[in-house]
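Visitor: I'm new to this one, so could you pick a single part and take me through it slowly? I'd love a close look at the salt bridges.

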Amino acid sequence: MIGGNKSAEDEGGDDAEDASKSGINVVLAHNLREVAGTKKDFKTGIKKYMQKIVGKLKESDPDQVEQFKAVASKIVADVLARFDDFQLFTGESFDYDPIDGEAMFIFVEYRGETPYLTYFKHGLQEEKMVGGILHVEC
């Protein structure tokens, strides 16, 4: 058909549908990457990551160190006990390396169909405020 309407010719559907992504909004909005690794890798990485946070807290807010250690150790123990129930994510700017402990961890657990994200606020760095929304670097 010459000069015809391409969309009328295409009965295959809308191309926009093929380009859409589904998933957890926070993960998609911040380009978080899922971490694949063993429980042993996670133990090594989270230990080093916790040490980095404690080091920064000692400099910026020493009164928070003991409380952070107590709460963080409970969370990590829970994740380790139920390791297969969680998805682990890290920010797009980090390469997951359990040896150096560079990556921030975001733990995702599903309760029914609802995802619950857990992360350590002391590991976030404020980036900017846009339209009343705090954007953070993970």
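Guide: Here's a walk through the salt bridges, with a little background on the whole protein to get you oriented.

Keep in mind that this is a predicted model. The protein has 138 residues, and 26% of them are buried. Its secondary structure adds up to 5 helices and 6 strands. If you start at the N terminus and read along, the elements come in the order α-α-α-β-α-α-β-β-β-β-β. Take the contacts with a separation of 6 or more: 55% of those are between residues 24 or more positions apart. As for the outside, the accessible surface comes to about 9,800 Å², and carbon and sulfur atoms make up 49% of that.

Now for the part you asked about. Searching the whole structure turns up 5 salt bridges, and I'll go through some of them one at a time.

Let's begin with Glu66 and Lys69, whose side chains meet in a salt bridge at 4.0 Å, N to O. Both residues sit in helix α5, which covers residues 65–81, and because they are 3 residues apart there, about one helical turn separates them. How open is each partner to the outside? Glu66 counts as exposed, at 56% relative accessibility, while Lys69 is partly exposed, with a relative accessible area of 39%.

Next, look at Asp78 and Arg82. Their side chains form a salt bridge too, with an N to O distance of 2.9 Å. Asp78 is partly exposed at 34% relative accessibility, and Arg82 also falls in the partly exposed class, at 26%.

Then find Arg111 and Glu109, another pair of side chains joined by a salt bridge, this time at 3.5 Å, N to O. Arg111 is partly exposed, with a relative accessible area of 49%. Glu109, on the other hand, has a relative accessibility of 13%, so it counts as buried, the cut-off for that being under 20%.

Here's where the picture comes together. Salt bridges that share partners link Asp78, Arg82, Asp85, Glu109 and Arg111 into one network. So when you go back to the pair Asp78 and Arg82, or to the pair Arg111 and Glu109, you're looking at pieces of that one network. To trace it yourself, you could start from Asp78, step to its salt-bridge partner Arg82, and then pick out Asp85, Glu109 and Arg111, which belong to the network as well.

Methods:
Residues numbered from 1 in each chain as written. Predicted model: local features only at pLDDT ≥ 70, side-chain atom pairs only at ≥ 80, totals over all residues. Heavy atoms only, no water. Helix = DSSP H or I, 4+ residues; strand = E, 2+ residues; numbered from the N terminus. Buried < 20%, exposed > 50% of the residue type's maximum accessible area, 1.4 Å probe, protein only. Contact = heavy atoms within 4.5 Å. Areas by Shrake-Rupley, 256 points an atom, 1.4 Å probe, with all protein chains shown as cover.
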